[in-house]
Amino acid sequence: MIKKYFNTKIGFGLVCGILVLTSSCQKEIFEDPINSLSPQAAFETAERVEKSAIGMYNALQNANFFGGRVLIYADIRATDVNPPTYFGSLPQFTSVTSSETNTQLAWQGAYASIGEANLFMKNLEAAKNVVSANKAEQYIGEAKFIRALCYFYLVNLWAQPYKFTANATHLGVPLVLKSVEDPFSAENQLPRATVAEVYTQIENDLLAAENQLPNDYGDPSFSDITRATKAAARALLARVYLYKGDYTKAITFADKVITANKYGLNDDPATTFKTYNSKESIFSIGMSVSDNPNTNNALGQHYGATKRGDINISAEYIGLLDQTKDLRFKNLVQQVAGSYWTLKYPATESWVPVLRYAEILLIKAEALAYLATTVDPNAVALVNVIRGRSLADIIAPTTKADLIELILKERRLELAFEGQGIFDFLRTGRGIPAHSIIAEQPYGSDYVILPIPLYDLQKNPKLVPNKGY
Amino acid sequence: MVAHALLLSAQQRTITGRVTTSEDGKPFPGASVRVVGSTAGVQTDAQGQFTLVVNAEAKSLEFYAIGYVRQTKAINASGVVNVALESDVKSLTEVMVVGYGTKAVKDFNGAISKVKGTDIASQPVESFDKALSGKTAGVQISSTGGTLADGVSIRIRGVNSISTSSLPLVVIDGIPANSRENLNVLNGGNGTRFDPLALINTADIESIEILKDAGASVLYGSRAANGVILVTTKKGKAGTSHVSINSKNSFATASNLPNLTNGDQFNLINNEKAFNRYGAAVGTIAKDSDVNKDGIPDRTDWNDYVFRTGKTSDNSLAISGGSEKATYYASLRYADQNGILYGNKLQTGSVRANVEVRPVNWLKSGIELSYTKTRNVGVLTDGYLAGLSVSGYNAAPTVSPFNPDGPKGYNLTTTGVVGYLGLGNNITSYQGVSFIGNRVYNPLPTVDFQRNQNTPENITGNIYLEVQPISGLKLTSKFGIDNQSNFEDQYSHPQIAGLGATFNGLVQDVHLTVNQWVWQNYLNYDKTIAGQHRISIGAGTEYQYTRQRSMYTYAADFADPFFNEIISGTFAATDLGSDGNIISNGLESYFGRLSYIYNDRYFVEGAVRSDAFSEFGIDKRWGTFPSVSLGWIASQEGFLKDSKYINYLKIRGSYGKVGNSRGVPSYASLTLYGGANYASLNGFGSAQVGNPGLHWETSKKFNIGFDANMITSRIGLTVDYFNTNISGLILAAPVLHTAGVPGSSVVTNIGSMKNSGIEITLNTTNIKKENFSWTSSLNFTGIRNRVTGLVASNNNADIVSSSTVASIGRALGTYKMIQWAGVDPATGYPMWYAADGKTKKIWNQQTQKYMLENGTTTSLGAADQVYLEGKTGVPKWYGGFDNTFTYKNWDLGLSMVYQGGNYLYNTTYSSMMTNTFQNNDARILERWTAPGQITNVPRLYMLDQTANQTSTRFLEKGDFLRMRTISLGYKLEDRWVKKMGFGNIRVSGQVYNAFIITGYSGIDPEVNYNRNNSNLAVGFDNRGIPQPRTYTINLSATL
């Protein structure tokens, strides 16, 4: 009896002891992620590389940058909209500081989009043999287009315009062209490149992209507009040259888009903003309900009279339109609760228009006008094409200066709320006129450009702050 | 007679006897027995028996043991002396639950605090962590306020991390609990939060032990750096059987409310804002309205609607008891809490059963099961325009919440931007610029029409087997599961602005499950050799696996507002689709300890734990955490042994290394690509840049202290000094934005920090009379923190969060901001100092530019910010002071908490001084109006937000003393109770948060704006909900 009892006790003890010694089970409890892939896996097959390329556009949808906010930041500091209270100090110029949140988030968003493109190029390099040479070229073209697009807005928001100094030797933004290897390396502390250097980089990227990109993706409903194409690269180049004042090249690239006979004006100026894949759209950031930059950041929310309703149209802009005739008033402006609101962004998931055909015509018109010694009839004709489409009266300027002024006015009317408001003042050597409660901001004022964010200034001693902040 | 006596004195005799404990009559092994006046003595054996040969002249014996009252008993003729020893300070001999075993308090070398379950259950709080406030030294609790089941910040010995969590590990009945800190997912988990600790029934808690130093906590290795909270639930006791009923009924009101302008003041102030900027041309913008159409101008005190009297009824039933062979404890609780906020509700039902069987005396086995389900009707508060403490404070007092013509009789906008509070006749813009900074919701329909519900559930089940194959050796295997889930249900109504109006009704449902299992196998071996050498060995393994899954689904564009649930065919928009995530992690551990005690006087213990955690870099998963601790009971030494004053003195110290891994993001060591779709195209995008070298935060903890009982143990004093050096801090280290890394941060081990401090606990029995007693318990903790290292490659730049910084050489969370220079009496313009602290920079409202006193234009920016040395949001000292008075059957308890040395940034105040068109803090009435006027409130100027920018103007001291509870109880006379057939009946009343003494001008200096997981910017008071003042009547009866 005693013996048996003893054995049972020891037996139990032994079983427990064996359990303790043999119960290693790291294999079962340490799992690889099932919600994510390793970078190697993401570039393992041609299909996956394609998806990783798509990921660059996902990054471009950044809610604080090309999800739409960057367009807003260019427009709320100009005169087409009333300074929105929602964006705090941003529309007020002098009270902005280097720790202003929206500025910092936009800067971060721009470099995150650039970082994704750089990272894609690095990973593609290591997986070159997975895809065909043509495809690899195309992807690199897409990456370069995205990078150029981001730098274009960065340099225009955070630096004085190209023509501010003789050879654009004034400070631009840091040029990050390689994916960082070590996030904490001192090598990441880049100084600001000059504006000329940034423009050169944008040009080089776009010229390379023009060669590498396809004409289309065989997907007219989506990818042909929302992914980079030859036409998109050319259209952006035309704009870049216009901003630089290189009018000959601006015309060359505008013509490349025009003569492709692929794009045209819609009959109704509102169509572009409802049918996102119409012939007028050259490049837009695509959006859907599930990946729009949410109810706080989408263009459709900020501009929507019945959505967030943060940004309404200034009386001054309305005054420029012929309310009885111009379709841009009749079909693109609505009056709600005593204020005017744009109908360019009717839905939360409205696409973000970046480059469209009407702008190309106006770029060409402006370039022609500047190059000519007198009134350039082709320029006048181009403006009248734009005006005619909206049933506005045609123009008949008598001097070159009149023509240029009318073209700039037409750009305001046509491109309002599409993210070029403040750029059109600055690149033409004009300050921001007094508007609403905002005092005049003269050309060359420190406050017409955004502060370099304090966050980066503190971490990168090579970064020079913008004057005045 | 004399001769007889002499004859006897030449003889020796043998005395035998038995020593028992007076508590339960069990044998008392190891008690010392000594002849009075001689050194001869023995110790009792395992059965409590002794045999002592004494000289005939020995008259009496002295019996003593640590923690027991010394007793002297005369030797009688029979030669048998039996004694029942009475514990002098119960806590000394009490068995404490420690990691993977138990120990008597006096055998413990580490720093540990114990809180009784009764101290917790008596408080009207949703989770036990709130009830720990002020109860023990070294533990600081901050509640978020009066929103039910909102998270609580627990800091043991200061803030021990920068980016990861500083919350301690919670272990329930030996099984580490799920470490998720909030069961909410929607709104980034920051809308209506739910603290999973509220799923534990406070009435089931027997005791809570808090392990503070490495000596105490090292067996929890990689998770011990923030301290460990051990919760032990109630178990049945052999030989008893009880039924107890407990019923708490309470009502609660907000302990304080903001003082806002009334209707007339609102009109005056807002018209003045507009006039000062635009002149007479703007006209009258703030006008009376009669929105509710009762014929008189509307006047609304929104606080009357947003806050209400909360009511709670909390009833529980417990049965417990057992025999030698089996014990049981089972309980049932149902609580229905209606909070002080409009619409806020929490219903909790829970059951528990703890059963242990002991079929033979060498084996026991038990099951601990619990299930809790709650329904939490949440409300949004701070951080949301729709939040009650935002919309309610901002709303114009000149419009009514009601409009007979509005949706369901509420005042809501129905044209333009729909679903906000209608502003009646007020004029809201001029020259196209809106005066409205943030639109205002009508808080009532925002709550009434919509849903923000949580339905959390928690099942825990532990099963264990303990075998004792040979004497002193115990083998234990314990397996525990902890399944938490939450069904989160949010509905946004089409007539309310935001998601509802955007999507024509939107339902968002999230189902979150967190499943965890833990398996422990360990042995403990205790052996006493030659009566003086006690050796104790422990060793074991533990495995833990956690998997978390969330699934989201949406429905939008409903056929009619009647439909507000996901029901087939009632909604049109399907393109929102569904969403979800799965993550898992594992922990594999081995541990051991060895302790040696000599002569009940000298103690030494070494312990080590090795952990491998799956979240860390593949080659960095294993970490080894050792500690050593020493103890010396000085009062056992000859020089103190007979001291009249010092009854017990133990000096102890420990040094060890523990880790922190809590709050590390999943798979943080890996560089990952995740799903990244571009509208209709599927894609992959970089999700994070990982750090393959990621490993634990390492805390080297040193502790030295003593426990003393003095003057017949009427005074108990515990003092500890600690010093913690934390290195390899797991930082979500900020990366230059230009580097383009996702989220601009990489989780990495960079940086170091130091915490040192002192803890004092003083327990006194001030008066002890037959019918009256007064006992006090005071605890104090003082803490000093220094950041000693940051990210060198970032130029050692400060890590900034809302005007607080982690900065080398400074305390974590030191404020950095511009300094307020007051209001210029001549112009009413606000002024700040440049960094030099002398040059005044004046904000010219007219030109919207800064100028110097001589009128030159200047700028004010980051360069003018200064470190406010020594000023942080983290309290430098804190503690509690409890007093208990008993008189006959009455007892009165006064429990206070205090803290201070910290500064609070009063964001509620700054935002309520706004120059936009909305309601203001009543202090705005002190604004500058005439040249020469001395005031601290600048001239009003519509839309001018610079005046209220972040500066020292809104920084205030956070010191406070709060009367946490005043309670009065009465235990019914036994004779009446017996007649009724009860064991005992107690009736008590309590006031919780009775009053507060503070210089802070905000609603409540106990702020926890950033909640659990943030260690910076903790002192920001941004529209937190005031704490409730709760009046409770409690009836408990035992059979």
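Colleague: When a strand is said to be mostly covered, how is a residue judged buried or exposed?

Modeller: A residue is buried if 20 or more other C-beta atoms lie within 10 Å of its own, and exposed if 12 or fewer do. In this predicted model, strand β32 (residues 646–660) of chain B is mostly covered, since 11 of its 15 residues are buried.

Colleague: Which strands pair with β32(B), and in which sense, parallel or antiparallel?

Modeller: Two strands pair if DSSP finds at least two bridges between them. Strand β31 (residues 622–633) of chain B pairs with β32(B) in the antiparallel sense over seven bridges, and in that pairing Trp632(B) stands opposite Ile651(B). Strand β35 (residues 697–710) of chain B also pairs with β32(B) in the antiparallel sense, over 14 bridges, and here Lys657(B) stands opposite Lys700(B).

Colleague: Turning to chain A, how many helices and strands are there, and what share of the residues is buried?

Modeller: Chain A has 20 helices and four strands, and 56% of its 469 residues count as buried. Its C-alpha atoms fill a box of roughly 120 × 50 × 45 Å along the principal axes. Of the contacts in chain A between residues at least 6 apart in sequence, 69% join residues at least 24 apart.

Colleague: What does the UniProt record annotate in chain A?

Modeller: An unreviewed UniProt entry carries the annotation "domain: SusD-like N-terminal" over residues 96–242 of chain A. Over that range the chain is 59% helix and 0% strand, with the end C-alpha atoms 29 Å apart.

Colleague: What span should helix α17 of chain A have, given its number of residues?

Modeller: The expected span is 1.5 Å times one less than the number of residues. For the 13 residues of α17(A) (residues 377–389) that gives 18 Å, and because the end C-alpha atoms are 18 Å apart, the two agree. The buried residues of α17(A) include Leu382(A), Val383(A) and Ile386(A), and also Arg387(A) and Arg389(A), while the elements that cover its buried residues include α16 (357–371) and α18 (400–415) of chain A. After the helix comes Leu391(A), whose phi is positive, near 65°.

Colleague: How many residues of each chain are in contact across the two chains?

Modeller: In chain B, 81 residues are in contact with 93 residues of chain A. The largest share of the side of chain B that touches chain A, six residues, comes from β29(B). The residues on that side of chain B divide into 39 nonpolar, 38 polar and four charged.

Definitions and conventions:
Residues numbered from 1 in each chain as written. Chains lettered and ligands numbered in written order. Predicted model: local features only at pLDDT ≥ 70, side-chain atom pairs only at ≥ 80, totals over all residues. Helix = DSSP H or I, 4+ residues; strand = E, 2+ residues; numbered from the N terminus. Contact = placed C-beta atoms within 7 Å. UniProt positions renumbered as here; feature names shortened; annotations may be inferred. Nonpolar A, V, L, I, M, F, W, Y, C, P; charged D, E, K, R; others polar.
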